[in-house]
Amino acid sequence: MKFICNQQDLVKKLNILSKAVSIRTTIPTLKGILMEVSGNNLKMTSSDMDITIETNMDVHVFEEGSVVIPYKLFNDLVRKLPNDDIEINSVDNNVSIKCRNSSASIIGMDGSEFPVITNKEDNKERIVLNKDVLSKMIKNTSFAASLDQTKGVLSGVLIEIENDYIKTVAIDGYRMAINTEKAENTKNESFIISSRLINEINKIFSEVEAEEIEFLYDDKGILIIIEDVLISLRLIAGEFIKYRDIIPKSSSIKITVNKAELIDAIERASIMTEGKNNLIKISVKDSVLTVTSNSEEGGSVEDVLIQKEGENIEIGFNARYMIDVLKVLSDENIVLNMNTPITPCIITPVQGDNYLYLVLPVRI
C-alpha cells in the first residue's frame with residue numbers, strides 16, 4: 001500500500017475517527033484504525049464494537065492495499081508534521097510516513113479481522129434530518145440521561161419521530177428533558193441511542209459542513225451518513241419509559257422569570273450548599289422568588305423578581321439539576337410550573353412547546 005495525501009485533510013479525518021477508537025480493550029486491532037486504499041480513495045475505519053466510523057478521502061494512490069495502524073501513535077505523529085503532502089507506504093504491515101525532511105516508521109497489524117460497516121443500505125428505512133436542528137436537540141437533552149451504562153434505556157436518548165415531529169427525550173430518574181421540532185417524515189419510528197455515543201456523534205456533526213443527516217435503520221442498528229462519513233451504531237434494546245405519563249396534566253402555580261437572573265442566583269447559592277444533594281430552597285412569595293442555601297460554613301440568600309399566578313410555595317431542589325437545565329436554554333424568560341413542594345417542577349417556554357424539562361424536588 002502506498003499513497004500521498006495532504007496533512008491537514010488527514011488530521012481532520014483522524015479527529016472524526018477518534019470518536020470510535022477503543023481505549024480500554026484487550027483486542028489490539030481496536031486500538032488502531034483500518035486504512036484501505038483502492039482507486040483514488042483512502043477509506044479509514046475505527047470501531048469499539050458499539051460504534052464504527054468510516055471516513056473517505058481522495059488521495060494519490062501508487063499501490064492499493066490495507067493495514068491497521070495504532071491510532072494514538074499515528075495521530076500524534078501526523079499532527080506534528082508540517083502542512084504539506086505526506087507519503088504513506090506499507091510493506092508487510094510495516095508503515096513508513098514521510099513529509100518534507102521528516103520520516104518515521106510504525107509497526108502495523110493485519111486488518112482482516114477488523115470490524116467494518118457492511119450491508120449499508122439493505123432493507124433499511126430512511127430518514128433525512130437537519131443537522132443543526134438535531135445537534136441542538138441532542139445537546140439540550142442528553143445531559144439528562146443516566147451516566148450509569150448498566151441502567152439500560154435510562155442511559156440512552158430516545159429519538160422519536162411521530163406525526164411529522166421529532167422528539168429527543170432523556171431521563172435519569174431525577175429529571176427529564178424533552179425537545180420537539182418539526183420534521184417532514186411520514187413514518188412514525190423511535191429508537192434509543194446511548195448518551196455516550198450520541199454525544200460523540202454530535203461532536204462529529206460540528207466538524208462537517210453538510211446541512212442534512214441521513215439515518216438508515218432497522219431492528220439491528222442504525223447507520224448515519226453525513227458527507228463522506230458513515231457511522232454505524234448499536235441501539236439500546238428495550239422499551240423506553242412512558243414519559244408522557246410522568247408529566248403533570250396541569251399546574252396550579254406558574255412563575256415567569258428571567259432565565260439569566262435565575263441561573264445566576266442558583267449558581268451563587270449553590271456555592272454554600274453541602275452534601276451530594278446540593279440542596280437549595282426556593283421560596284415564592286408574591287412577586288419575589290428567593291433562593292437560599294446553608295452549610296456549616298455559611299449561607300446565601302438571593303432574590304429574583306418574578307411574575308406569579310397561583311399560591312405562594314416553598315420547595316427544595318438539587319442545585320446542579322436546575323443549573324444543568326437552565327444552561328441549555330436560550331430564551332430570555334421561562335416558566336416554572338408547580339403544584340406542591342413534593343411534586344415535580346416543569347420548566348417550559350413562555351410561548352410554544354418546543355421544550356419541556358422536569359426536575360424532581362428534594363424534601364426540605
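## Surroundings of Ile-198

Leaving aside residues up to four places away in sequence, Ile-198 touches Ile-138, Ser-142, Val-157, Ile-159 and Ile-193, where contact means heavy atoms within 4.5 Å. The model is predicted, so that local features need pLDDT of at least 70 and side-chain atom pairs count only at pLDDT 80 or more, while totals for chains, interfaces and linings use all residues. Residues are numbered from 1 along each chain as its sequence is written, and side-chain values use heavy atoms, with hydrogens and water left out.

Ile-198 belongs to helix α4 (residues 195–205); helices (H or I, at least four residues) and strands (E, at least two) are DSSP runs numbered from the N terminus. With a relative accessible area of 2%, Ile-198 is buried, a term for values under 20%, with exposed over 50% and partly exposed in between (1.4 Å probe, protein chains only).

## The contact of α3 with α4

Helices α3 and α4 pack at an angle of about 145 degrees, and their axes are 10 Å apart; axes are lines fitted to C-alpha atoms, for helices over the stretch in contact, and angles run from 0 to 180 degrees between N-to-C directions. On the α3 side the contact is made by Lys-131, Leu-134, Ser-135, Ile-138 and Lys-139, and on the α4 side by Ile-198, Asn-199, Asn-202 and Phe-205.

## The open sheet

An open sheet of 8 strands, with antiparallel pairing, follows the order β6-β2-β3-β4-β17-β16-β15-β10, two strands being paired if DSSP finds at least two bridges between them. Because β6 (65–70) and β10 (125–130) each have a single partner strand, they stand at the edges, and one side of each is left without a neighbour in the sheet. On average, and with direction ignored, neighbouring strands of this sheet are turned by 20 degrees against each other.

The edge strand β10 is joined by 6 bridges to β15 (residues 212–218), the two running antiparallel, and Ile-127 stands opposite Phe-215 in β15. Helix α3 (residues 131–141) lies across β10, β15 and β16 (221–226), running at about 85 degrees to β10. Helix α4 also packs on the sheet, touching β4 (51–58), β15, β16 and β17 (229–233), and its direction makes about 175 degrees with that of β17.

## Nonpolar cores

A nonpolar core is a set of buried Ala, Val, Leu, Ile, Met, Phe, Trp, Tyr and Cys residues joined through side-chain atoms within 4.5 Å. The largest has 98 residues, of which Phe-3, Leu-10, Ile-33, Met-35, Phe-74, Ile-88 and Leu-336 touch the most other members. Helix α6 (residues 319–328) gives the most to this core, with 7 residues. A second, separate core of 15 residues includes Val-153, Leu-154, Ile-247 and Leu-358.
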